[in-house]
Amino acid sequence: MQTLIPSFDAHLVLVEPWTTALPTYGWMVLMAFLVTATCGLIGNYLILRRMALVGDAISHSVLPGLAIAFLITGGLSLPAMLAGALGAGLLTTSMIEFIHSKSRIKADAAIGITFCTLFALGVVLINVFASRVHLDADCVLYGELSYLHKPADAIAPRPVLIMGGVGLTVAALIAFFYKELLVSSFDTMLAASLGFRPKIIHLCLMAMLSIVIVAAFESVGAILVIAMLILPGATAQLITNRLAPCLWLSVLHAALSAVLGLHLAVWLDCSMAGAVVVAAAFLFTLAWIFAPGGILAGRRGATADPLLDSPLSS
């Protein structure tokens, strides 16, 4: 009878990934960290704007964008893929707002209609044109961190360099437009009265979200990237009610998830992308129980101040 849970070999699980197998697992951990940290940073703003499901919608709707970009350009170049994802992401946002504003359909239903429709379209396009597009449907949906390969003349695997560049860009934009993003996330009318352009900021945020999702596709896929977008921010917001610490805690959450996910994947001999998400969910559960905004604090009668209740916390 097959053993349900493999035996735990401490040397194999805890030591080898950081010694003899470091050239392989090192890049996988770094990539997992970059994906989770980048998604976590932008995911904080999705949660604050009560748009967590929009991230879900965009992560699915970029599928037809990628396929259509290939059919138009005839290639798999990065600019073409990013352009397809950007178009799909902005189309998703526009469709959601159009359906919601022009009908009696509620926002959550509009999100469901949009992403299911576009995701189904993406699945059809990938299945029909898979041999021409050379897209691995399983990789697009679930990702695969073990595909990382560093050429001899390169300083790092190409996906790591791309994700690192996207992560640094997201961090720089958040630092540069911190006040604009903060105010527009809580009160669009106040943002407009201060001279900001909340609609432009919203579209730029959706465009950046689309780029992040595309960069993360190969590693974690369209499904698991949703968890990467939500779990770091949700965990951080259980711990603190200030936005700046939330962003730093999201990065810490990403680092811990990547390391714990690596050891879990080695132990269970499973997909590392899935193991990282399981580790991230485990950290969220710990915060849910023990954090100031968690279950135990509520039982002690502590007054937890959710971030949403202190709209201009910084």
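These legends go with a set of close-up views of a predicted model.

**View 1. A nonpolar patch sits on the surface.** Seven side chains make up this one: L252, L256, L260, F282, L286, F290 and L296. Taken together, they offer about 620 Å² of accessible area. Two elements, α11 (243-268) and α12 (272-290), give two or more residues each to the patch. Pick out L256 if you want a single example: it lies in helix α11, and because its relative accessibility is 40%, L256 counts as partly exposed.

**View 2. UniProt marks several transmembrane regions along the chain.** The record, an unreviewed entry, puts this feature at residues 25-46, 78-99, 111-135, 155-178, 247-266 and 272-291. Keep in mind that such annotations may be inferred rather than shown by experiment. Here's how two of those stretches look in the model. Residues 25-46 are 100% helix and 0% strand, with the end C-alpha atoms 31 Å apart. Residues 272-291 come out at 95% helix and 0% strand, and there the end C-alpha atoms are 27 Å apart.

**View 3. T36 is a buried residue in helix α2.** The helix covers residues 22-48. T36 has a relative accessible area of 0%, so it is buried; the cut-off for that label is under 20%. Now look across to L252, a member of the nonpolar patch from the opening view. T36 and L252 are 216 residues apart along the chain, yet their C-alpha atoms are separated by 9.9 Å.

**View 4. F8 and W267 form an aromatic pair.** The count for the model comes to three aromatic pairs. In the pair shown here, the ring centres of F8 and W267 are 5.4 Å apart and the planes meet at 85°, so the pair is edge-to-face; planes over 60 degrees apart get that label. F8 belongs to the segment before α1 (10-15), while W267 is in helix α11, so the contact ties together parts that are 259 residues apart in sequence. F8 is partly exposed, at 46% relative accessibility. W267 is partly exposed as well, at 29%.

**View 5. Two cysteines, C204 and C270, are partly exposed.** C204 has a relative accessible area of 47%, and C270 comes in at 37% relative accessibility. Are they buried or exposed, then? Partly exposed is the label for both C204 and C270. As a reminder, a disulfide is a covalent bond between the sulfur atoms of two cysteines. How many disulfides does a search of the whole structure find? Zero.

Methods
Residues numbered from 1 in each chain as written. Predicted model: local features only at pLDDT ≥ 70, side-chain atom pairs only at ≥ 80, totals over all residues. Heavy atoms only, no water. Patch = residues over 30% accessible without salt bridge, like charges linked within 9 Å, V, L, I, M, F, W, Y side chains within 5 Å. Areas by Shrake-Rupley, 256 points an atom, 1.4 Å probe, with all protein chains shown as cover. Salt bridge = Lys/Arg side-chain N within 4 Å of Asp/Glu carboxyl O. Helix = DSSP H or I, 4+ residues; strand = E, 2+ residues; numbered from the N terminus. Buried < 20%, exposed > 50% of the residue type's maximum accessible area, 1.4 Å probe, protein only. Phe/Tyr/Trp six-rings, centres within 6.5 Å; stacked < 30°, edge-to-face > 60°. Disulfide = S-S within 2.5 Å.
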